[in-house]
Amino acid sequence: MTDEEKKQLNNFETSLRHLIYLHDKLRRDYAELQQLLLDKEDDISKLRSEYDKLNQSYIDLKSAMTMSLDGGDVRQTKQRLSKIVREVDKCIAMLNQS
């Protein structure tokens, strides 16, 4: 084997080792991204569950307040319902961010 062939072989081995290193790095990065995706999907699931609970509470409260209204409580009831609607809107905004 000539010196030129040895030099080419060394260059090839170096390039191959570098490619193997890059491949391994990409595999690790991919695994991290997969785990991050799973974590985010879990977070979204929890937020949706919380949103559903809050939405059901809102519906129940709205129904209860509608049934118990008398003339003097209308303004207070509207204020309470507005507050609940704002809370639900915040939950929706949190879901949209994820």
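This section describes the fold, core, surface patch and salt bridges of a predicted model.

The secondary structure of the protein chain comes to two helices and zero strands. Helix H1 covers residues 3-67. Helix H2 covers residues 74-97 and holds 24 residues. From the first C-alpha of H2 to the last, the span is 35 Å. That value is close to the 34 Å expected at 1.5 Å a residue. The chain has 98 residues, and 10% of them are buried. The chain exposes about 8,500 Å². Carbon and sulfur atoms supply 55% of that area.

The two helices share a core. The largest nonpolar core has eight residues: Leu47, Tyr51, Tyr58, Leu81, Ile84, Val88, Cys91 and Leu95. H1 and H2 are the elements that give two or more residues to this core. H2 provides the largest share, five residues. The buried residues of H2 include Leu81, Ile84, Val88, Cys91 and Leu95. Thr77 is also buried in H2. The positions in H2 can be read against helix geometry. An α-helix has 3.6 residues a turn, so residues three or four places apart point the same way.

Contacts of Leu95 add detail to this picture. Leu95 touches Ile44, Leu47, Arg48 and Tyr51, leaving aside residues up to four places away in sequence. Both Leu47 and Tyr51 also belong to the largest nonpolar core, as does Leu95. Elsewhere, Leu61 and Leu81 are 20 residues apart in sequence. Their C-alpha atoms are 8.3 Å apart in space. Leu61 lies in helix H1. With a relative accessible area of 33%, Leu61 is partly exposed. Leu81, in H2, is buried. A core residue must fall under 20% relative accessible area, so the 33% of Leu61 rules Leu61 out of any nonpolar core.

Nonpolar side chains also occur on the surface. Met1, Leu9, Phe12, Leu16 and Ile20 form a nonpolar patch there. Together these residues have about 520 Å² of accessible area. Ile20 lies in helix H1. The relative accessible area of Ile20 is 44%, which makes this residue partly exposed. Patch residues need over 30% relative accessible area, so Ile20 meets that cut-off at 44%.

A search of the whole structure finds two salt bridges. Side chains of opposite charge can pair when their charged atoms come close. One salt bridge joins Lys25 to Asp29, with the closest N and O atoms 3.3 Å apart. Both residues lie in helix H1. They are four residues apart, about one turn of the helix. Lys25 is partly exposed, at 35% relative accessible area. Asp29 is partly exposed as well, at 29%.

Another salt bridge joins Asp42 to Lys46. Here the closest N and O atoms are 3.4 Å apart. Asp42 and Lys46 are separated by about one helical turn, because they are four residues apart in helix H1. Asp42 is partly exposed, with a relative accessible area of 39%. Lys46 has a relative accessible area of 51%. The cut-off for exposed is over 50%, so Lys46 counts as exposed.

Terms used: Residues are numbered from 1 along each chain as its sequence is written. This is a predicted model: local features need pLDDT of at least 70, side-chain atom pairs count only at pLDDT 80 or more; totals for chains, interfaces and linings use all residues. Side-chain values use heavy atoms; hydrogens and water are left out. Patches are made of residues with over 30% relative accessible area and no salt bridge: like charges are joined within 9 Å, nonpolar side chains (Val, Leu, Ile, Met, Phe, Trp, Tyr) within 5 Å. Accessible areas come from the Shrake-Rupley method with a 1.4 Å probe; for residues, only the protein chains shown count as cover. A salt bridge is a side-chain nitrogen of Lys or Arg within 4 Å of a carboxyl oxygen of Asp or Glu. Buried means under 20% relative accessible area, exposed over 50%, partly exposed in between (1.4 Å probe, protein chains only). The expected span of a helix is 1.5 Å times one less than its number of residues. A nonpolar core is a set of buried Ala, Val, Leu, Ile, Met, Phe, Trp, Tyr and Cys residues joined through side-chain atoms within 4.5 Å. Contact means heavy atoms within 4.5 Å.
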